Amino acid sequence: MDRRAVEAKVESLALPLLQRMGLELVHLEFVKEHGVRYLRIFVDKPGGIGVDELARVNEALSRRLDDEDPISESYILEVSSPGAERVLKTDREFAWAEGKFVRIETREPVDGATVFEGTLRSGADPLVVEVDGRPVAIPRAQVKLARRAMIG
C-alpha cells in the first residue's frame, strides 16, 4: 500500500472533520514500525488541546475511517497533540509554528550563529525568526534541526 496515497486520502477525510471541531491538522503519517502499521494524526488549536478533545477526535475519526475504509490493512490509530517541543519538518508544521517560540539549529553559520531561539515570524523559505527583537532570515536548506521550544 502506497504510504503517500493513504496519507492523502486520510487527510481528505480528516480535514473537514477537524475544521468542524475547530481544530488544525498539524501532521499526519502512516508508518510501519516493528511490523505494525500506525496512522498518527497530530492536531492542535489556539491555546492548546486537551485530553478530552483528543479522545473525541479519535472517536470521530475512527468512525469516519471505519465508514470510508481507506486503508486495506490493519493499523493502529493514534491521535495526539504536537507536543511542546515538537520537531518541525514540513511546510504545514512550519506554518503551524508561526508566532510560536522556536529553536533553529543550522548546518553553517547564518549571521555569525548556528543556534537561534525566538519567535517564528514566517515559516516560508527563508524562515524568519525574531531573535531579541531582530528578524533573522534562515534559508530552509541550512536548517539542521527546527523545533518548537519552551521559552527560557
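**Figure 1. Overall fold of the protein chain.** Read along the sequence, the elements of the protein chain succeed one another as α-β-β-α-β-α-β-β-β-β-β. This amounts to three helices and eight strands in a predicted model. The C-alpha atoms occupy a box of roughly 55 × 30 × 25 Å along the principal axes. Among contacts in the protein chain with a separation of 6 or more, 54% join residues 24 or more positions apart. Buried residues make up 39% of the 152 residues of the protein chain.

**Figure 2. Surface and charges of the protein chain.** The protein chain has an accessible surface of about 8,500 Å². Carbon and sulfur atoms contribute 46% of that surface. The protein chain carries 23 positive and 27 negative charges. The mean positions of the two sets of charges lie 1 Å apart.

**Figure 3. Surroundings of glutamate 93 in helix H3.** Helix H3 spans residues 91-97 and contains glutamate 93. The relative accessible area of glutamate 93 is 2%, so this residue counts as buried, the limit being under 20%. Its side chain makes a polar contact of 2.8 Å with the backbone nitrogen of threonine 90. When residues up to four places away in sequence are left aside, glutamate 93 touches Val26, His27, Arg86, Val87 and Leu88. Of these partners, Val26 and His27 fall within the residue range 24-33 of strand E1.

**Figure 4. The aromatic pair of phenylalanine 30 and tyrosine 75.** One aromatic pair is present in the structure. The ring centres of phenylalanine 30 and tyrosine 75 are 6.5 Å apart and the ring planes meet at 80 degrees, so the arrangement is edge-to-face; the angle required for this class is over 60 degrees. Phenylalanine 30 belongs to strand E1 (residues 24-33), whereas tyrosine 75 sits in the loop between helix H2 (51-68) and strand E3 (76-80). The pair therefore ties together parts of the protein chain that are 45 residues apart in sequence. The two partners are described separately with respect to accessibility. Phenylalanine 30 is buried, at 0% relative accessibility. Tyrosine 75, with a relative accessible area of 25%, is partly exposed.

**Figure 5. Threonine 106 in strand E4.** Strand E4 covers residues 101-110 and includes threonine 106. Threonine 106 is buried, its relative accessibility being 4%. A polar atom of the threonine 106 side chain lies 2.7 Å from the backbone oxygen of glutamate 108. Apart from residues up to four places away in sequence, the contacts of threonine 106 are Ala113, Thr114, Phe116, Ile138, Gln142, Val143 and Lys144.

**Figure 6. Isoleucine 104 and its contacts.** Isoleucine 104 is another residue of strand E4. At 0% relative accessibility, isoleucine 104 is classed as buried. Residues up to four places away in sequence again being excluded, isoleucine 104 touches Thr114, Val115, Phe116, Leu127, Val129, Ile138, Val143, Leu145 and Ala146. Leucine 127, one of these contacts, is separated from isoleucine 104 by 23 residues in sequence and by 9.6 Å in space, C-alpha to C-alpha. Thr114, Phe116, Ile138 and Val143 are among the residues touched by both isoleucine 104 and threonine 106.

Methods:
Residues numbered from 1 in each chain as written. Predicted model: local features only at pLDDT ≥ 70, side-chain atom pairs only at ≥ 80, totals over all residues. Heavy atoms only, no water. Helix = DSSP H or I, 4+ residues; strand = E, 2+ residues; numbered from the N terminus. Buried < 20%, exposed > 50% of the residue type's maximum accessible area, 1.4 Å probe, protein only. Contact = heavy atoms within 4.5 Å. Areas by Shrake-Rupley, 256 points an atom, 1.4 Å probe, with all protein chains shown as cover. Lys, Arg positive; Asp, Glu negative; His and termini not counted. Charge placed at Lys NZ, Arg CZ, Asp CG, Glu CD. Polar contact = N/O pair within 3.5 Å; in protein donor to acceptor, adjacent residues only side chain to side chain. Phe/Tyr/Trp six-rings, centres within 6.5 Å; stacked < 30°, edge-to-face > 60°.
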